[in-house]
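Notebook open, structure on screen. I want to go through it feature by feature and jot down what I find.

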Amino acid sequence: MKKKMTLTVLLIIFAAAVVIAGQDWKSGIAWTKPPIVTPADKPGDPPSDAIILFDGKDLSAWNKDSWIVENGELTVKPGSGEIQTKQQFGSVQLHIEFATPSEVSGKGQGRGNSGVFFGNYEVQILDSYENETYFDGQCGSIYKQRPPLVNVCRKPGEWQYYDIVFNRPELKIENNKVVEVIRPGYVTVFQNGVLIINHHEIEGTTFYHLPPAYEVHEPTRPIRLQDHGNKTKFRNIWVREIPDTNQKPERTREPYYE
Ligand code: MG
């Protein structure tokens, strides 16, 4: 009995010693302090560090004002051409709300077609509600590279939204040619809150008439909205600039315990 008690006491002392000796592991990486951002009260509204591209008032963030601004909405003026942001962007988080025309006309690629371009790379906008087309060209596709995981389109005329994470590619350029893709671009897209494109590796410019291939371009480019001849509407467009990669900073010391 006495022997058993002694053993129990010894075990308790041993456990206590382990707890006292237990130290916190530290990575040794000199992270910078994450800046404070105030979120919006309402989901979908811009947080405090967002750059507003369209808030219902005007096209002052864009290169021209040929599209129609009415009742807080921006509508494509067919035939007037695309619009692009005055500011150039690299990697971004983008929120954009859109509605394809309530009056349905045309079919396939001719119904509610527009698109959000991050430089050379298009996330398709299309009326894909009971409207068949090639899968890598339907709403939410990375045009001619990747169909959406699911079709979560609302009916024509109803407001929908994209939340997109675009990570720009890093290209090595020599003599005005891409000699190496140091890091491809990546896109993640949520449509109406549902993940439809999961960290897709961009294969190059989203041509309609050629296979994808990387072309020479600046690291930062305007964001463009496509005029494809349909009166697609937009509202509440904002963007946040994000770091190009998730690379860790240089380690300033080895991991340690304290
Ligand atoms: Mg398009």
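**Entry 1: a hairpin and its sheet**

I started with β7 and strand β8 (residues 121-125), which pair in the antiparallel sense over five bridges. Worth writing at the top of the page: this is a predicted model. In that pairing, S114 has I125 of β8 as its bridge partner. The hairpin of β7 and β8 has two residues between the strands, and there G119 takes a positive phi near 65°.

Next I checked the other neighbour of β7. Strand β14 (residues 223-225) runs antiparallel to β7, and three bridges join the two. Here V116 stands opposite L225 of β14.

How do these strands line up in a sheet? I get an open sheet of four strands in the order β5-β14-β7-β8, with antiparallel pairing. Its edge strands are β5 (83-84) and β8, each of which pairs on one side only.

Then I looked at how covered β7 is. Strand β7 covers residues 114-118, and five of its five residues are buried. I noted the two faces as well: S114, V116 and F118 point one way, G115 and F117 point the other way, and all are buried.

**Entry 2: the magnesium ion**

Which protein atoms hold the magnesium ion as donors? I wrote down N113 (OD1), S114 (O), E122 (OE), Q124 (OE1) and Q226 (OE1), at 2.1 to 2.4 Å from the ion. Along the chain, the donors follow the spacing N-S-x7-E-x1-Q-x101-Q.

I wanted to know whether N113 and S114 are buried or exposed. N113 has 1% relative accessibility, so it counts as buried, the cut-off being under 20%. S114 comes out at 0% relative accessible area, so it is buried too. S114 is thus on my page twice, as a donor to the magnesium ion and as the β7 residue bridged to I125.

**Entry 3: empty space**

A reminder to myself on the approach: rolling a probe the size of a water molecule over the atoms shows where empty space is left.

I searched the whole structure and got one cavity of 30 Å³ or more. About 70 Å³ of space lies in this largest cavity. What lines the largest cavity? There are 14 lining residues, and F89, G90, F118, F166 and R221 lie nearest its centre. By class, I have nine nonpolar, three polar and two charged residues in that lining.

I also looked up the second largest pocket, which has a volume of about 200 Å³. Its lining has 15 residues, with E122, Y143, T206, Y208 and Q226 nearest the centre. The class split for this pocket is five nonpolar, nine polar and one charged. E122 and Q226 already stood in my list of magnesium donors, and here they are among the residues nearest the pocket centre.

**Entry 4: aromatic rings**

For the rings I need two values, since a pair of aromatic rings is described by the distance of the centres and the angle of the planes.

How many aromatic pairs does the structure hold? I get six. One of them is W67 with F234, a stacked pair at 6.2 Å centre to centre with 20° between the planes. This pair links distant parts of the chain, with W67 in the loop between β2 (51-54) and β3 (68-70) and F234 in strand β15 (residues 233-241), 167 residues apart. W67 has a relative accessible area of 3%, so it is buried. F234 is buried as well, at 0%.

Another is F98 with Y162, which is tilted: 4.8 Å centre to centre and 55° between the planes. It also joins distant parts of the chain, from F98 in strand β6 (residues 92-99) to Y162 in strand β9 (residues 160-167), 64 residues apart. I checked burial here too, and both F98 and Y162 are buried.

I then found F118, Y121, F166 and Y214 in one aromatic cluster. Of these, F118 and F166 are among the residues nearest the centre of the largest cavity.

**Entry 5: another hairpin**

Last lookup: strand β12 (residues 186-191) and strand β13 (residues 194-201) pair in the antiparallel sense over five bridges. V189 has I197 of β13 as its bridge partner. Two residues sit between the strands of this hairpin, where N192 takes a positive phi near 50°.

Conventions. Residues numbered from 1 in each chain as written. Predicted model: local features only at pLDDT ≥ 70, side-chain atom pairs only at ≥ 80, totals over all residues. Heavy atoms only, no water. 1 Å grid on protein atoms, 1.4 Å probe; cavity = no way out; pocket = protein on both sides within 12 Å on 5 of 7 lines; lining within 4 Å. Points joined across faces, edges and corners; volume = space filled by probe spheres on them. Nonpolar A, V, L, I, M, F, W, Y, C, P; charged D, E, K, R; others polar. Donors = N, O, S within 2.8 Å, 3.2 Å for Na, K, Ca; no water. Buried < 20%, exposed > 50% of the residue type's maximum accessible area, 1.4 Å probe, protein only. Pairing = 2+ DSSP bridges. Phe/Tyr/Trp six-rings, centres within 6.5 Å; stacked < 30°, edge-to-face > 60°.
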